[in-house]
Amino acid sequence: MSKWEDNVRKVVPYVPGEQPRQKDMIKLNTNENPYPPSGEAAKVLQAFDEDTLRLYPDPTAAELVNAIADVYQVSPKQVFVGVGSDDVLAMSFMTFFNSEKPILFPDITYSFYDVWAEEFRIPYERVMLDEEFKIVPEQYFSENHQNGGIVFPNPNAPTGVELPLDAIEAILQHNPDVAVIVDEAYVDFGAVSALPLLKKYENLLVVQTTSKSRSLAGMRIGYAIGNEKMIRYLNDVKYSFNSYTMNQLTIAMGAAVFRDTAYFEETVAKVVETREWAKKEFTRLGFSFGDSKANFVFVTHKSVPAKQIFQALREQHIYVRYFDKPRTDRYLRITIGTREQMQILFDFLEEYLGKDSLG
Ligand code: PMP
């Protein structure tokens with residue numbers, strides 16, 4: 001290694017799920033929505049005047065921020081937007097996790113958390129989920145585990161398991177001196193949001209995304225809702241980094257999508273309905289899983305190893321996610337697609353697993 005490389009900020013990057021570009025594939029590996037975004041987005045695109053691209057976008061992304069504030073009935077001063085919730089979470093780590101004490105997150109969780117912690121030199125500790133992959137709230141209480149902040153997804157990823165609101169409130173009650181970030185990327189598919197707790201706890205930040213329930217993963221819009229003071233701190237860090245993270249088209253199209261609440265409710269209901277049907281099919285085929293409230297299920301088969309099923313599916317151009325790590329290597333995370341896509345998956349699994357391994 002050359003001498004100058006001693007001064008490089010070395011990081012082991014997060015590895016996102018594969019993005020194959022085949023036409024005939026069934027893509028159930030990165031928790032995207034199988035339905036297209038609201039038609040309101042296309043209308044904005046058609047009416048868009050490209051001459052405006054000469055100008056910088058609105059650094060406050062006010063149109064988008066206002067549309068989000070309207071949906072959640074909060075002040076625009078309580079809303080922060082970023083380039084996907086990955087950007088929002090990265091900014092939040094940088095802003096709120098600035099202590100010598102370790103931040104806490106579950107041992108099985110979104111695998112970007114430890115990457116950001118390493119990158120920003122934030123000490124961290126992983127707190128074990130119980131045998132059923134549930135978060136144990138008491139393990140996050142400051143008197144039991146001194147910490148410099150807390151972050152967890154709800155529902156958790158990749159398990160899909162929900163932490164009830166009273167447990168989240170208990171974690172907040174026992175951690176008044178640090179920021180508590182609830183990553184609600186999947187909350188719209190049937191879990192209860194922590195947003196009502198914002199009135200009582202000024203150290204709570206709720207992070208959501210348009211990538212899943214609003215079918216805009218390709219557009220990159222995430223947002224945080226919190227106390228005005230928290231949002232101010234976040235914006236101070238963002239403006240010290242890059243003022244213009246949100247481009248004009250994204251601001252306009254994103255705002256239009258938020259205004260179309262009817263379509264949002266319709267597509268979410270379809271995904272939830274397919275998920276509940278899929279749970280029965282997985283059980284019938286000999287799989288078990290935690291009770292997912294997300295747009296994916298985390299399943300393990302009673303006799304056939306997950307890795308083997310993963311590879312067999314891949315050969316059929318059916319992509320799912322496999323995490324080859326100690327406590328998760330017996331599981332597959334399978335995104336809920338359309339009913340037709342799921343039927344193709346189940347038809348194949350039924351044949352592949354054979355009669356012997358059916359449940
Ligand atoms: N949080 C969790 C728990 C996720 O699974 C994801 C998706 N990879 C994200 C945040 C980030 O999603 P996005 O940047 O598309 O909003």
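In this predicted model, an oxygen atom of the ligand is found 2.6 Å from an N or O atom in the side chain of tyrosine 186. Threonine 209 does much the same job of description: an N or O atom of its side chain is also 2.6 Å from an oxygen atom of the ligand. Then there is arginine 220, with a polar side-chain atom 2.7 Å from a ligand oxygen. On its own, the ligand has 410 Å² of accessible area, and the protein covers 91% of that.

Where does the ligand sit? It is in the largest pocket. Around the ligand there are 13 residues, and those that come nearest are Ser85, Asp183, Tyr186, Thr209 and Ser211. Tyrosine 186 and threonine 209 therefore turn up twice, since each belongs to this nearest group and each has a side-chain N or O atom within the 3.5 Å cut-off for a polar contact with the ligand. Sorted by class, the shell is a mix, with five nonpolar residues, four polar ones and four charged ones. Which element gives the largest share of that shell? Helix H3, which spans residues 84-96, supplies four residues.

Stepping back to the whole protein chain, the count is ten helices and twelve strands. Its C-alpha atoms fill a box of roughly 60 × 55 × 55 Å along the principal axes. The radius of gyration is 21 Å, and because a compact globule of 359 residues would come out near 21 Å, the chain agrees with that expectation.

A few spots in the backbone deserve a look of their own. Most peptide bonds are trans, and most residues other than glycine have a negative phi. Against that background, the loop between strand E5 (150-153) and helix H5 (165-173) holds proline 155, and the peptide bond leading to proline 155 from asparagine 154 is cis, with omega near -5 degrees. Proline 158 lies in the loop between E5 and H5 as well. What kind of peptide bond joins alanine 157 and proline 158? That one is cis too, and its omega is about 5 degrees.

The other backbone oddity concerns phi. Asparagine 31 is not a glycine, yet its phi is positive, at about 55 degrees. This residue is located in the loop that runs between strand E1 (26-27) and helix H1 (39-47).

How values were computed:
Residues are numbered from 1 along each chain as its sequence is written. This is a predicted model: local features need pLDDT of at least 70, side-chain atom pairs count only at pLDDT 80 or more; totals for chains, interfaces and linings use all residues. Side-chain values use heavy atoms; hydrogens and water are left out. A residue is near a molecule or strand if one of its heavy atoms lies within 4 Å of it. A polar contact is a pair of N or O atoms within 3.5 Å; within protein, one must be able to donate a hydrogen and the other to accept it, and residues adjacent in sequence count only if both atoms are side-chain atoms. Accessible areas come from the Shrake-Rupley method with a 1.4 Å probe; for residues, only the protein chains shown count as cover. On a 1 Å grid over the protein atoms alone, a cavity is a set of points where a 1.4 Å probe fits but cannot get out, and a pocket is an open set with protein on both sides within 12 Å along at least five of seven lines; lining residues have an atom within 4 Å of a point. A molecule sits in a cavity or pocket if more than half of its atoms lie within 2 Å of its grid points. Helices (H or I, at least four residues) and strands (E, at least two) are DSSP runs, numbered from the N terminus. Ala, Val, Leu, Ile, Met, Phe, Trp, Tyr, Cys and Pro count as nonpolar, Asp, Glu, Lys and Arg as charged, and the others, Gly among them, as polar. The radius of gyration is taken over C-alpha atoms; the globule rule is 2.2 Å times the number of residues to the power 0.38.
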